[in-house]
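Let's take a walk through a protein model together. Keep the picture open while you read, and look for each part as it comes up.

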Amino acid sequence: MLSPKSTEFVRATLPAVGGAIGEITPLFYDKLFAAHPELLRDLFNRGNQANGSQNQALAGAVAAFATALVEHPEVRPDAMLSRIAHKHASLGITPGQYPLVQEHLFAAIAEVLGDAVTAEVAAAWDEVYWLMANALIAIEARLYEQAGTPDGEVWFDCRVVARLTETAEVATFLVRPLDGRPIPAARPGQYVSVQVELPDGARQIRQYSLSGQPDDALSFSVKRVTGAPDGEVSNHLHDHVGVGAHLTVSAPFGDVTLADGDCPVLLASAGIGCTPMTSMLSHLAATGSTRPVITVHADRSESTHAFREDLALLTDKLPNAVAHVWYERPEGPWPAERTGRADFSRLDIPAGTIAYLCGPIPFLRSARAQLLTAGVAAADIHYEVFGPDLWLGEAG
């Protein structure tokens with residue numbers, strides 16, 4: 001909880017900081033990478049830095065956390081903190097990196113706001129920062145302990161034991177640890193980080209959802225992204241990594257996971273967002289679940305729909321499951337009512353349904369709004385975003 005004195009200073013300066021946060025965050029990253037270029041080369045996603053999405057995500061997180069401290073001091077925004085902590089854990093972030101962020105973030109704030117940053121204002125925002133940082137450090141420590149990876153040692157070397165072509169744009173990689181250790185435990189819906197060495201020597205990292213439940217390997221799927229630097233890792237994996245290749249992979253993390261129980265489940269995805277949903281559906285089929293399951297998927301066409309056959313096979317294995325698929329531009333005969341964007345109003349959604357969503361943000365916004373209209377409780381709608389969470393603080 002923020003101290004009363006700091007609360008007043010943060011409340012008074014929140015409009016100024018919030019209004020300038022779009023200028024503060026890129027300056028912060030400029031300062032951080034000037035002092036520590038290895039962080040941009042080997043830790044931060046160069047694509048997200050180039051397109052500005054990481055700046056927007058940081059700005060949204062800081063503003064949302066500060067606003068929560070001021071407006072709802074009795075409630076810590078644990079959902080937001082958990083999302084960030086899982087991302088940090090998958091990268092092996094350690095407590096010693098937080099002072100670096102504080103140093104350069106506050107230098108950027110002081111430079112942008114100038115004389116408005118008095119000693120009292122700086123102290124108040126420093127308190128905000130360390131409340132958020134220490135909460136994240138504590139959550140990350142628990143995640144490392146649960147994963148059996150103390151001090152952020154989440155990485156292990158793997159061999160690619162199989163590679164499957166899902167579509168012209170999507171490939172699935174199955175990997176096993178080189179040292180023979182057991183396959184790390186994963187929950188349906190989680191992801192792994194994959195680190196590759198690129199031609200310029202950079203060791204770039206990307207997160208990929210686990211797309212199945214094999215007993216003897218980790219299975220993740222990669223969609224080829226066009227253009228550099230956004231697609232430099234996915235293109236490297238598609239063009240240069242085959243069976244027998246070595247990859248550095250993290251332990252699985254991710255907070256959007258299939259909850260146990262017998263309540264109805266709705267799994268909704270668009271495009272490559274089907275990967276965590278395939279993992280959840282595989283788990284339900286493998287455990288012989290009898291709970292009601294509704295799967296919704298939207299894609300461009302049949303040929304771009306990854307795991308199309310898996311969706312049908314897994315649905316058939318479940319006694320109370322049904323799948324609904326929409327294509328924007330179907331390539332063959334396809335029902336008119338299933339052409340275009342996903343329409344949840346056509347679905348019979350049982351009371352008490354828990355929904356899991358994954359896909360582009362416009363799809364997430366539309367799906368969530370339709371599910372709320374259908375009577376699904378806001379607390380029962382969970383979403384996963386690939387890349388920086390630009391929805392952070394908005395979806396609740």
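Before we start, one bit of vocabulary: two strands count as paired if DSSP finds at least two bridges between them. Also keep in mind that what you're looking at is a predicted model.

Let's begin with the sheet. Five strands make up an open sheet in the order β9-β8-β7-β10-β11, and their pairing is parallel. Now look at the two ends of that order. β9 (321-327) and β11 (381-384) are the edge strands, and each has a single partner, so one side of each has no neighbour in the sheet. On average, neighbouring strands here are turned by 15° against each other, if you ignore direction.

Zoom in on one pair. Strand β8 (residues 293-299) runs parallel to β9, and seven bridges join the two. Want one to find on screen? Val-296 has His-324 in β9 as its bridge partner. As general background, strands of a sheet pair through backbone hydrogen bonds, either parallel or antiparallel.

A helix packs on this sheet too. That's α11 (residues 361-373), which touches β7 (265-270), β8, β10 (354-358) and β11. The direction of α11 makes about 165° with that of β10.

Next, the nonpolar cores. In soluble globular proteins, nonpolar side chains tend to be buried together. Here, the largest nonpolar core has 52 residues, and Val-10, Trp-125, Val-128, Met-132 and Phe-253 are the ones with the most contacts inside it. Which elements give two or more residues to this core? They are α1 (4-35), α4 (53-71), α5 (78-91), α6 (98-113) and α7 (119-147). The largest share, 12 residues, comes from α7.

Phe-253 is a nice one to click on. Leaving aside neighbours within four places in sequence, Phe-253 is in contact with several residues, including His-86, Leu-143, Tyr-144, Val-154 and Tyr-191. There's also a second, separate core of 21 residues, and among them are Leu-266, Val-296, Ala-355 and Leu-364. You've met Val-296 already, as the bridge partner of His-324.

Last stop: the empty spaces. How many cavities of 30 Å³ or more are there? The count comes to two. The largest cavity has a volume of about 80 Å³. Its lining includes Ser-269, Cys-274, Thr-295, His-297, His-305 and Phe-307. Both α9 (274-286) and β8 supply at least two residues of that lining, and the largest share, four residues, comes from α9.

Conventions
Residues numbered from 1 in each chain as written. Predicted model: local features only at pLDDT ≥ 70, side-chain atom pairs only at ≥ 80, totals over all residues. Heavy atoms only, no water. Axes fitted to C-alpha atoms, helices over the stretch in contact; angles between N-to-C directions. Contact = heavy atoms within 4.5 Å. Core = buried A, V, L, I, M, F, W, Y, C linked by side-chain atoms within 4.5 Å. Buried < 20%, exposed > 50% of the residue type's maximum accessible area, 1.4 Å probe, protein only. 1 Å grid on protein atoms, 1.4 Å probe; cavity = no way out; pocket = protein on both sides within 12 Å on 5 of 7 lines; lining within 4 Å. Points joined across faces, edges and corners; volume = space filled by probe spheres on them.
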